[in-house]
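Open the model in your viewer and keep the sequence panel visible. This tour goes from stop to stop, saying what to select and what is there.

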Amino acid sequence: MFDSAKKYCLSRYAFLRRVGDVLVVESPVMGRQSKTVNSSVLLFFLRFASPTKPIDVLSACSSEQQATLVAFLEWCVANHLFVEVLPDGRTTEDIGPLAHWEFHDLLFHSASRLGRNLGKIGGTYRLNGVVPPEPHARPRYSHASYMPLPEPDLATLMENDVPFTRALEQRRSKRTTSQLTIDALGHFLYRTCRVVHTSTHEGESLVTKLYPSGGSLHPLEIYFVNHSCVGMERGLYHYDPQSHSAAKLRVFDTEIAQLLDAAATSSALEGYPAVLFEICARFRRSAWKYEGISYRLILAELGALYQTMYLVASAMRLSPCAIGSGDSDYLASLLSSDYYLESAIGEFMLSGPMAEPTELEPQG
């Protein structure tokens, strides 16, 4: 029950969107419901865009209108579309369990899980018959030559490699500018990103790699900037996981260097890493099958790839470091790619060995 003498305002989680031919208001706090919005309701919401006392709104209405508005206000408060404004100017959602939730985080969490999702969730094949499915392999760059990369001897590694538990326990983010060799880079990519097997199931092309992917779709693409890998020319490359080769897309220049600048700033690294991986997603590859959870599955795959990269780098005694954010628009412009079809979702730095700490450090 609301108090008409107190101040209320529209929740910071409420949003409008078009569904079919109507406007609806929703909120990740509301649960599995939405409210159709007409012009009068929209104007009513606008009155509460800033802290307002309901009594001030009701006093300008007829008694018949007041009864309707009171019922609507009660519904809005009960469903967290309107929240109480406290004497210090904060709202009730600025304190307590909602205080740490940003709008986009809570919306993504609730919309991609069962319980509060208003739509369907799972492998519904919603785009079947609308657009063709994406092939598992990205089309090769016709203007670029592909350079075969060195491969490790897996039989020898299986016998003599660093034990898994040691690699796991020694995994750390290590920020250094030490050079890599072409052998180290080739072996690293082979052990983390290559295609192991492909198959077809009911018309879908499926892929097996060394890390898991929702539906075995593997929408991630690996690009990398070579700054100081001995044995390769500097520049921007695309990794072909089927042929285990790298296509040079651009020579190193000031525009490419901006990617390294951003990575160094984000990671507090003085200088440039030997190699910067730009991990992109071909979104339709996953969205063609999955509804409601497509982007969630892509991010889960990114996390699996990060951990695989960290563990392999630890076993190879290299210096790995994942980065929290990057500029997807900028990379899309460098690649001349469509932001909505393929763009960056993660960055990862790799450099040569650094001095081992005397004891395990509590790093990320």
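In which loop does serine 216 lie? Select serine 216: this residue is in the loop between strand 10 (204-208) and strand 11. The model is a predicted one. Serine 216 is partly exposed because its relative accessibility is 31%, between the limits of 20% and 50%. Its phi is positive, about 55 degrees, although serine 216 is not a glycine. Most residues other than glycine have a negative phi.

**The sheet**

Next, select strand 11 (residues 220-226) together with strand 13; the two pair in the antiparallel sense over four bridges. Within this pair, find asparagine 226, which stands opposite glycine 235 in strand 13.

Now widen the selection to the whole open sheet, whose seven strands come in the order 7-14-13-11-15-18-17, with antiparallel pairing. Which strands are at the edges? Strand 7 (146-148) and strand 17 (319-323) are the edge strands, each pairing on one side only. If you compare neighbouring strands of the sheet, they are turned by 30 degrees against each other on average, with direction ignored.

**Two helices on the sheet**

Add helix 10 (residues 294-315), which lies across strand 11, strand 15, strand 17 and strand 18 (342-351). Helix 10 runs at about 15 degrees to strand 18. Then add helix 11 (residues 328-335), which packs on the sheet and touches strand 11, strand 13, strand 14, strand 15 and strand 18. The direction of helix 11 makes about 95 degrees with that of strand 18.

**A residue in strand 15**

Select isoleucine 279, found in strand 15 (residues 275-282). Is isoleucine 279 buried or exposed? Isoleucine 279 is buried, because its relative accessible area is 0% and the limit for buried is under 20%. Show what surrounds isoleucine 279: beyond four places in sequence, its contacts include Leu220, Glu221 and Ile222, as well as Leu302, Leu305 and Tyr306. Ser343, Ala344, Ile345, Gly346 and Phe348 are also among the residues that isoleucine 279 touches. For a distance to check, take isoleucine 279 and tyrosine 223: they are 56 residues apart in sequence, but 6.3 Å apart in space, C-alpha to C-alpha.

**The nonpolar cores**

In soluble globular proteins, nonpolar side chains tend to be buried together. The largest nonpolar core here has 36 residues, and Leu189, Phe224 and Phe277 touch the most other members. Two or more residues come from each of helix 7 (182-192), strand 11, strand 13, strand 15, helix 10 and strand 18. Helix 10 gives the largest share, nine residues.

Center the view on leucine 189. Not counting neighbours within four places in sequence, leucine 189 is in contact with Leu149, Arg194, Ile222, Phe224, Tyr239, His244 and Phe277. A second core, separate and made of 26 residues, includes Ala144, Leu249, Ala264 and Met349.

**Last stop: histidine 244**

One of the contacts of leucine 189 is His244, so end there. Histidine 244 is in the loop between strand 13 (235-240) and strand 14 (245-251). At 3% relative accessibility, histidine 244 counts as buried. Its phi is positive, near 50 degrees, in a residue other than glycine. Which side chain makes a polar contact with that of histidine 244? The partner is tyrosine 239, at 2.7 Å. Pro148, Leu149, Pro150 and Glu151 are among the other contacts of histidine 244, and so are Gly186, Leu189 and Tyr190.

Methods
Residues numbered from 1 in each chain as written. Predicted model: local features only at pLDDT ≥ 70, side-chain atom pairs only at ≥ 80, totals over all residues. Heavy atoms only, no water. Buried < 20%, exposed > 50% of the residue type's maximum accessible area, 1.4 Å probe, protein only. Contact = heavy atoms within 4.5 Å. Polar contact = N/O pair within 3.5 Å; in protein donor to acceptor, adjacent residues only side chain to side chain. Pairing = 2+ DSSP bridges. Axes fitted to C-alpha atoms, helices over the stretch in contact; angles between N-to-C directions. Core = buried A, V, L, I, M, F, W, Y, C linked by side-chain atoms within 4.5 Å.
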